[in-house]
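I opened a fresh page for this chain and wanted to get to know it piece by piece. Here is what I looked up, in the order I went.

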Amino acid sequence: MLISATAPVVQLATKLNRKIQQATHVLRAEGFGRFLQLSAWSLSEPLRSVWLRRRVAADARQASSKLRAAERNRGLFIDCGSNVGQGYRYFSRYYTPDRFDYVLVEPNRNCLPHLDALRSENATMEIIVKAASVKDGFAELFGPPPERSGPTHQGCSIVFDHNESLYQSLRFSPDLVETFSLSQMIRAKREVYDVVVLKLDVEGAEYEILDDMIRSGSHRDLYAAYVEFHSLKMRTPERRRKRIAEFQVMDAFRKAGTRFREWI
C-alpha cells in the first residue's frame, strides 16, 4: 500500500525535476525571451487541444460517411510515434475500431509491452517496432541525457538535433533501430483500404518524411494527416527554416485535398 500511495508523488516529482532542468537549459542556451516563448506555447495548449478535438471529430464523422458509401467499407489509421499508446487512446474514440484498423509504429522496444496491452478482440491492430523514415535501413535512436528520461521516453528520434533547444541529445539505445519508407507503406495500404489516416509525431524526422511523401505523391493517398511539427524545439536559424518548410508542407497537402491538422 505504501508503494502504490507514494508512486504518483514520485512520478510527479520526477516530471517536475525534468521540467526544471529543461527550463534551466533553455534559459542558459537561448535567454529569457526564448524561455517566455516556450512557456506561452505550453500555456496555450489547452485551447489548441479543444480546437483540435473538434476538427478531429468532424474529420472522423466525414470519414465514416465516406466508408459507408465505399466498396470495402473499411479504413486504416497509421499512428507513427505511438510511444505507449497515447495517440491510439485519443484517436480511437473518433476513428473507432469498428470501422478502422490500426497500425502502431514505435521504434523504442521498451514501449512494446504497453502497446501489446492495447490489443483487444474488438480492434485489428498491427504493431511495427521500427522508425518511420524515407527508406528501408537502420538508424541510431537519440534522446535526452539519462537523468532526464525514462525507458519509454516520449521524445526519442532518429534525428540527432531534434530537440536541440531543450537538451543536448545522446544515443538513447545501444542498438540500431530498423527504418522503413512511410511513403511506400501508405501507397501499399491505400490499395487495401478505402480511407487511410495518418498521425505523425516523430520528433523532427517529419520534415524529410513529408517532403518524400509530397515528391512521391503518397500524400494524395491520405484522407487526413495529423502532424506534430518540432521547429519550436530547434535552435535559431534552423527553427526559421523549418517553419517555412511547415507552411509549404501544409499548402501541398491541402492542395491535394488531404485534411491537414497540426497535432500537439
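**Entry 1: what counts as buried.** Before listing anything, I noted that a residue is buried when its relative accessible area is under 20%. I also reminded myself that this is a predicted model. With that cut-off in hand, I went to helix 3 and found these buried residues: Arg48, Ser49, Leu52, Val56, Ala57, Ala58, Asp59, Ala60, Ala63, Ser64 and Leu67.

**Entry 2: the length of helix 3.** How far apart are the end C-alpha atoms of helix 3? I found them 34 Å apart. This agrees with expectation, because 24 residues (45-68) at 1.5 Å a residue should span 34 Å.

**Entry 3: the whole chain.** I stepped back for an overview and counted eight helices and eleven strands. Of the 264 residues, 48% are buried. I then looked at contacts between residues at least 6 apart in sequence, and 75% of them join residues at least 24 apart.

**Entry 4: a small sheet.** I picked out an open sheet of three strands, with the order 4-8-5 and mixed pairing. Its edge strands are strand 4 (131-133) and strand 5 (137-139), each pairing on one side only. From one strand to the next, the twist averages 45 degrees. Strand 4 and strand 8 (177-181) run parallel and are joined by three bridges. I looked up one partner by name: Ala131 is bridged to Thr179 in strand 8. Helix 6 (182-190) packs on this sheet, where it touches strand 4 and strand 8. The direction of helix 6 makes about 55 degrees with that of strand 8.

**Entry 5: helix 7 and its surroundings.** My list of buried residues in helix 7 reads Glu206, Tyr207, Ile209, Leu210, Asp212 and Met213. What do the buried residues of helix 7 pack against? I noted strand 4, strand 8, helix 6, strand 9 (195-200), strand 10 and helix 8 (238-255). Just after helix 7 comes Gly217, with a positive phi near 85 degrees.

**Entry 6: Arg220.** I followed the chain on to Arg220, in the loop between helix 7 (206-216) and strand 10 (224-227). Is Arg220 buried or exposed? Arg220 counts as exposed, because its relative accessibility is 56%. Beyond its neighbours within four places in sequence, Arg220 is in contact with Ala256 and Thr258. I also checked Arg187, which is 33 residues from Arg220 along the chain; their C-alpha atoms are separated by 9.4 Å.

**Entry 7: the rings.** I found 15 aromatic pairs in the structure. Phe77 and Phe91 make a tilted pair, at 4.8 Å centre to centre with 40 degrees between the planes. Phe77 lies in strand 1 (75-80) and Phe91 in helix 4 (86-91), so this pair ties together parts that are 14 residues apart in sequence. Both of these residues, Phe77 and Phe91, are buried. Tyr95 and Phe100 form an edge-to-face pair, with centres 5.1 Å apart and planes at 85 degrees. Tyr95 and Phe100 are both buried as well. Following the links between ring pairs, I traced a cluster whose members include Phe77, Phe91, Tyr95, Phe100, Tyr226 and Trp263.

**Entry 8: a charge over a ring.** Last on my page is Arg243, whose charged end sits over the ring of Phe247, 4.7 Å from the ring centre.

Notes:
Residues numbered from 1 in each chain as written. Predicted model: local features only at pLDDT ≥ 70, side-chain atom pairs only at ≥ 80, totals over all residues. Heavy atoms only, no water. Helix = DSSP H or I, 4+ residues; strand = E, 2+ residues; numbered from the N terminus. Buried < 20%, exposed > 50% of the residue type's maximum accessible area, 1.4 Å probe, protein only. Contact = heavy atoms within 4.5 Å. Expected span 1.5 Å × (residues − 1). Pairing = 2+ DSSP bridges. Axes fitted to C-alpha atoms, helices over the stretch in contact; angles between N-to-C directions. Phe/Tyr/Trp six-rings, centres within 6.5 Å; stacked < 30°, edge-to-face > 60°. Lys NZ or Arg CZ within 6 Å of the ring centre and 35° of its normal.
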